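User: I'm new to this one and would like a walk through it. Could we start with the empty spaces inside?

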Amino acid sequence: MNRSRLLLVAVALPLALGACKKKKPEVAPPPVQGGNPDAGPVRPPENRGPTTPPSTGPSDVDRVRMARESMANKIYFEYDADALSDEARANLDQKVRVMQANPNLRVRIAGHCDERGSDEYNIALGRRRAVVAKQYLVDRGIDASRIETTSFGRERPEQQGSSEDAWAKNRRDEFEITAGGDTMRAP
Amino acid sequence: MPSSCTSRSTMRCAQTARARGVEAALDAAHMEGWELTGTARTNGWGWRAARRAIGVTACGLGLSTLADIAAAQTGQPPGIRIGISYVAGHKTGLAVLPIDGADGDSIATMLRRDFDYSDRFTMVNTTGPVAPQTLNYDLFRKLAVDGVVQGALLPGGALRITLHDVAKGVIQQSKDFPLPSPALDANWRQAIHVVADQVEEWITQQRGIAATRIAFERSGRIWTVDSDGANLRAVSDAGIGPQWTPSGRHLLYSVNNGRDPIIVLDVATGAKRTLTSAPGAQDFTPAVSPDGRTVVFARTTEEGTDIYTVPFEGGAPRRVSVGRGRASVGPTYAPDGRRLAFSSDRTGHNEIYVSDDDGSNVEQLTTGTFGDRENRTAPDWSPDGGAVAYASLNGGTWQIMVVNVRDQSTRQVTSEGRNQDPSWAPDARHIVITSHRSGNRQLWVVDTETGRSRQLTRGAEARLAAWSPRFTGR
């Protein structure tokens, strides 16, 4: 009973603030999906406050690394659009948890576009893509002052070329930690 | 008069020119030269000496007065040409004679190219004699030439240009143009372009656009290139979206580094200053008012993208568009400075709008008629105020359109490849665009009257071009 209530609280915040219309998210999985099978024996935790019993899953160092990766993961957009896909929302949900666990963490979101469309309008569109991601995080309790936004339009493609594949990879938001990234905790 | 020019060869030349057609007239011109060469050789002159002798006298005929020419032409049917006065739709036939001297070939080549690029002339290639004082006008009439440009490099270093009206058989204009040194460098080339523009004005009453440059972005830097594609040089280490001031002395551009300031660059000295920069804002697509005093630009913040103005000297930007969170970008001034055109997606997709320069009285200038994904962007107001050029996504392909400001009629001026970001030349007729028709993005010059296009840049991708005002030349 208590356990399920705890779980409910854990998912209440993202659900309450206007998340998915199409489907309910699954019960929040642990922030780490699959550990490193070569991790070997569990290492003693380092640089953590209260001691915790050694876990049988990924090491704490791995979990911190994965938290860092969560922050760095990009989200992608449809052509000429700034709407968040389900994958984008799941990605941002992970970032919410990391940022909640690390109150000193500050981030810059940079929006990007593919090479089609007007070069100069793409700067505006990229900014909009960054802002929509920021708004999602802010709506879920992250303080707006911790998130900067900017746009590089189509000026910094991740992949050169004029293929659908390149275009899809270039329509993205990138997340760069600007402060508090030296010592991070896994959520 | 050199003794090599006999009256017998004179008569023969005139008779040949009268008797046969244009083709024969060309042969006759060659034959005249050879005739005299042969004559000169028998007199002990070398071939080169004979050519110079030909140069001094008209067409090798030994005629030094117009009266002689007229006398040789008795019985000539009356000409139907109106001479070299410009008539819209009629391309004046123009010949540039070879110019003597070390740089003569370069000058003649540049002039011919500038006249060709103006799209107002049919260039007639004549291998005529060098810088005679009088011409065989009849010969040129048969070659469908209306005007002959004759150049001579004077001992003091100036270039004397003489323009002949072939129909009237007279010299219409003659002027000495001082040339800077060293020859063949950038300033010298601009001086030659000024000559071409002056000759064009003598003929058409409209000054040419040869003495202009185009600024553009390539490899993350701002570059300039002369209107004929020469003198390519980088003028900044970073930047996109350059625009000229009305004097041509400065370029404005933004630097897309995340903070995106607008920079003012003194092109001659390289001196730079930051015009706008604000935390959380990115500024881009600057444009300068016709009086040079105000800069209009787009500023994007987390609230959206709007049009702002700021004094050219600097100061606090003032917002002039209220896009309600949508994006208004790419402002361009009307030549009277009182109105702006810009692109906005306030209806859900990009269209071109016009407003007063303070942002009031907004009107929609374009309406979607092509395809589902309607998009019209990157407007540029023509220097004569009558039209706005812009890029339109027509059936999924970007093309350049021109909309008449008064009646809102539109026409498409490109058809090949993807074409964007037009910028008008000062003649309100040519535009420079970014086109990908050659395989990658390059600058192309398009004549909006005839549709004729020429490739201006090659190699690494070039885009976001801006045509300079006319440089008066130094």
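Analyst: A cavity here is a set of grid points where a 1.4 Å probe fits but cannot get out, whereas a pocket is an open set. Please keep in mind throughout that this is a predicted model.

User: OK, so how many cavities of 30 Å³ or more does the structure hold?

Analyst: There are 9 cavities of 30 Å³ or more in the structure. The second largest cavity has about 100 Å³ of space, and its lining is made up of 17 residues, with Tyr79(A), Asp80(A), Arg116(A), Gly117(A) and Asn122(A) lying nearest the centre.

User: Which element gives the most to that lining of the second largest cavity?

Analyst: That is helix H4 of chain A, residues 121–139, which contributes 4 residues to the lining of the second largest cavity. By class, that lining divides into 6 nonpolar, 6 polar and 5 charged residues.

User: You mentioned Asp80(A). What is its phi?

Analyst: Asp80(A) has a positive phi of about 60°, although it is not a glycine, and its place is the loop between strand S1 (75–76) and helix H3 (86–101) of chain A. Most residues other than glycine have a negative phi, and most peptide bonds are trans.

User: And where is there a peptide bond that is cis?

Analyst: The bond from Ser181(B) to Pro182(B) is cis, with omega near 10°, and Pro182(B) sits in the loop that runs between strand S5 (170–177) and helix H7 (186–204) of chain B.

User: Switching to pockets: how much space lies in the largest pocket, and what lines it?

Analyst: The largest pocket holds about 820 Å³ of space. Its lining consists of 41 residues, and those nearest the centre are Gln243(B), Thr332(B), Asp380(B), Trp381(B) and Trp467(B). Several strands of chain B each supply at least two residues of this lining, namely S9, S13, S17 (328–333), S21 (376–381), S25 and S29.

User: How does the lining of the largest pocket divide by class?

Analyst: It has 25 nonpolar, 12 polar and 4 charged residues.

User: Now the two chains. How many residues does each give to the contact?

Analyst: Chain B gives 31 residues to the contact and chain A gives 24. Between them, the two chains bury about 2,300 Å², and 41% of that is on carbon and sulfur atoms.

User: How many salt bridges and polar contacts are there between chain B and chain A?

Analyst: Between chain B and chain A there are 5 salt bridges, and one of them joins Arg441(B) to Glu115(A), with the closest N and O atoms 3.2 Å apart. There are also 16 residue pairs in polar contact between these chains, counted where both residues are at pLDDT 80 or more.

User: Which elements of chain B touch chain A there?

Analyst: On the side of chain B that touches chain A, two or more residues come from each of strands S9 (240–244), S13 (282–288), S14 (294–301), S25 (419–424) and S29 (463–467). S13(B) gives the most to that side, with 3 residues, and the residues of that side divide into 7 nonpolar, 15 polar and 9 charged.

User: Last thing, how many salt bridges does the structure hold over all chains?

Analyst: Over all chains the structure holds 38 salt bridges. Among them is the pair Arg65(A) and Glu69(A), whose closest N and O atoms are 3.1 Å apart. Both residues of this pair belong to helix H2 of chain A, residues 60–72, where they are 4 residues apart, about one turn of the helix.

Key:
Residues numbered from 1 in each chain as written. Chains lettered and ligands numbered in written order. Predicted model: local features only at pLDDT ≥ 70, side-chain atom pairs only at ≥ 80, totals over all residues. Heavy atoms only, no water. Contact = heavy atoms within 4.5 Å. Buried area = accessible area lost by both parts, 1.4 Å probe. Salt bridge = Lys/Arg side-chain N within 4 Å of Asp/Glu carboxyl O. Polar contact = N/O pair within 3.5 Å; in protein donor to acceptor, adjacent residues only side chain to side chain. Nonpolar A, V, L, I, M, F, W, Y, C, P; charged D, E, K, R; others polar. 1 Å grid on protein atoms, 1.4 Å probe; cavity = no way out; pocket = protein on both sides within 12 Å on 5 of 7 lines; lining within 4 Å. Points joined across faces, edges and corners; volume = space filled by probe spheres on them.
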